[in-house]
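Dear colleague,

I am passing on the structure that follows, and below it you will find my notes on what turned up when I went through it. Please read them with the model open beside you.

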Amino acid sequence: MQPNDNFLNRLQPLSDLGRLWHRKERFGVYNNKTIGLLLFSGDELEVMKNVLNQRPGMNRNPKRPNTKLARKRMRVDRMKEETARRHEVTMEALTKFLQVLTESNLDKNETINIEELKDAFSKTDVFTSAHATELFGEEYILQNVFDSLDVNGDGEISFAELMLFAERKGVDLQAQFVGYERPELNSFTQFLAAVQDALLLNVKRMFVDDRDTERTIGIDTDYIQTSDYKMERADKDFVVEQGAMSTRAFLRYYIKEAKLIPRTNNKYKSQNDGNTYNYAMNGRSDVRRIEIMPQPGD
């Protein structure tokens with residue numbers, strides 16, 4: 001690093017901090033010769049996570065070793081599966097409820113009145129009695145349902161009141177749209193960690209773009225979290241294998257995106273940047289070693 005590029009020098013003068021905070025001022029121009037590695041667990045909120053895990057060659061359900069950490073995660077997974085099953089039932093009932101409300105909103109305004117709600121409940125071919133029981137209980141009364149949804153008591157059900165009802169039933173519509181779920185918090189420490197994760201996630205969403213994802217190797221550590229310091233040998237081997245798999249997936253992705261053309265002299269020439277790259281197959285049809293290094297004179 002050049003002396004002028006250290007953190008303290010980059011943030012001076014403070015009177016010009018607004019300009020200095022800009023991404024270009026802090027990191028300079030985009031450099032496609034750099035690469036990054038990002039580790040994340042299965043439960044971790046990470047803005048690049050879904051994209052990186054979708055690369056061909058990534059195993060979304062790796063075989064876990066029989067270790068204390070893996071067994072602990074297995075118990076947690078079982079509870080999550082049951083919660084997810086219940087959530088799916090509620091989600092289906094809520095989806096059908098919103099569908100019949102839309103069909104019954106004859107004046108096409110932004111609210112639902114008691115007559116429109118009554119009409120919605122009459123569409124039993126779509127919104128069945130099982131759906132209604134799931135959302136409002138076995139002995140629901142239409143007027144009571146309306147009163148519970150009409151929170152401010154103005155005689156109409158607004159979209160905001162429907163969102164509030166959905167959240168009370170455990171379905172956060174905004175979280176479903178954005179793609180991040182609400183974490184379970186059982187201690188003050190977990191609360192502080194969730195606040196930190198939320199702040200970091202928002203910062204990443206502001207500054208991370210597609211070019212950053214394209215040059216990042218995403219390593220999914222699955223059941224091993226950041227604070228799991230006491231790992232057995234099998235846990236460590238698992239993380240190493242996950243890293244190797246992720247690296248192979250990245251190299252396959254890079255070869256495809258960079259449009260590298262195989263040469264008989266074990267070199268690839270990129271159609272994107274014109275650079276020549278060393279490439280070794282080791283007698284296998286899959287990528288085992290590749291040196292992403294421009295050759296002298298290229």
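How many helices and strands does the protein chain have? Before the answer, please keep in mind that this is a predicted model. The protein chain has 13 helices, and eight strands go with them.

Turning to the chain as a whole, 31% of its 298 residues are buried. The accessible surface of the protein chain comes to about 20,200 Å², and carbon and sulfur atoms account for 53% of that surface. Among the contacts in the protein chain with a separation of 6 or more, 56% are between residues 24 or more positions apart.

Two patches on the surface are worth pointing out to you. In one of them, positive charge is gathered by Lys68, Arg71, Lys72, Arg75, Arg78 and Lys230. One of these residues, Arg75, is found in helix H5, which covers residues 68–104. Arg75 has a relative accessibility of 49% and therefore counts as partly exposed, because the exposed class begins only over 50%.

The other patch is nonpolar, and Phe191, Leu192 and Val195 make up its surface of about 250 Å². Leu192 is found in helix H11, which spans residues 188–207, and with a relative accessibility of 45% Leu192 is likewise partly exposed.

I also looked at two acidic residues, Glu116 and Asp222, and for each of them I asked whether the side is buried or exposed. Glu116 is found in helix H6, made of residues 114–122, and its relative accessible area is 7%, so Glu116 is buried, given that the buried class lies under 20%. Leaving aside residues up to four places away in sequence, Glu116 touches Ser104, Asn105, Leu106, Asp107 and Thr111.

Asp222 has its place in strand S4, which runs over residues 216–222. With a relative accessible area of 9%, Asp222 is buried as well. What is the sign of phi at Asp222, which is not a glycine? The phi of Asp222 is positive, at about 60 degrees. Most residues other than glycine have a negative phi, and for that reason I would ask you to look at this position when you go through the model.

With best regards

Key. Residues numbered from 1 in each chain as written. Predicted model: local features only at pLDDT ≥ 70, side-chain atom pairs only at ≥ 80, totals over all residues. Heavy atoms only, no water. Patch = residues over 30% accessible without salt bridge, like charges linked within 9 Å, V, L, I, M, F, W, Y side chains within 5 Å. Areas by Shrake-Rupley, 256 points an atom, 1.4 Å probe, with all protein chains shown as cover. Salt bridge = Lys/Arg side-chain N within 4 Å of Asp/Glu carboxyl O. Helix = DSSP H or I, 4+ residues; strand = E, 2+ residues; numbered from the N terminus. Buried < 20%, exposed > 50% of the residue type's maximum accessible area, 1.4 Å probe, protein only. Lys, Arg positive; Asp, Glu negative; His and termini not counted. Charge placed at Lys NZ, Arg CZ, Asp CG, Glu CD. Contact = heavy atoms within 4.5 Å.
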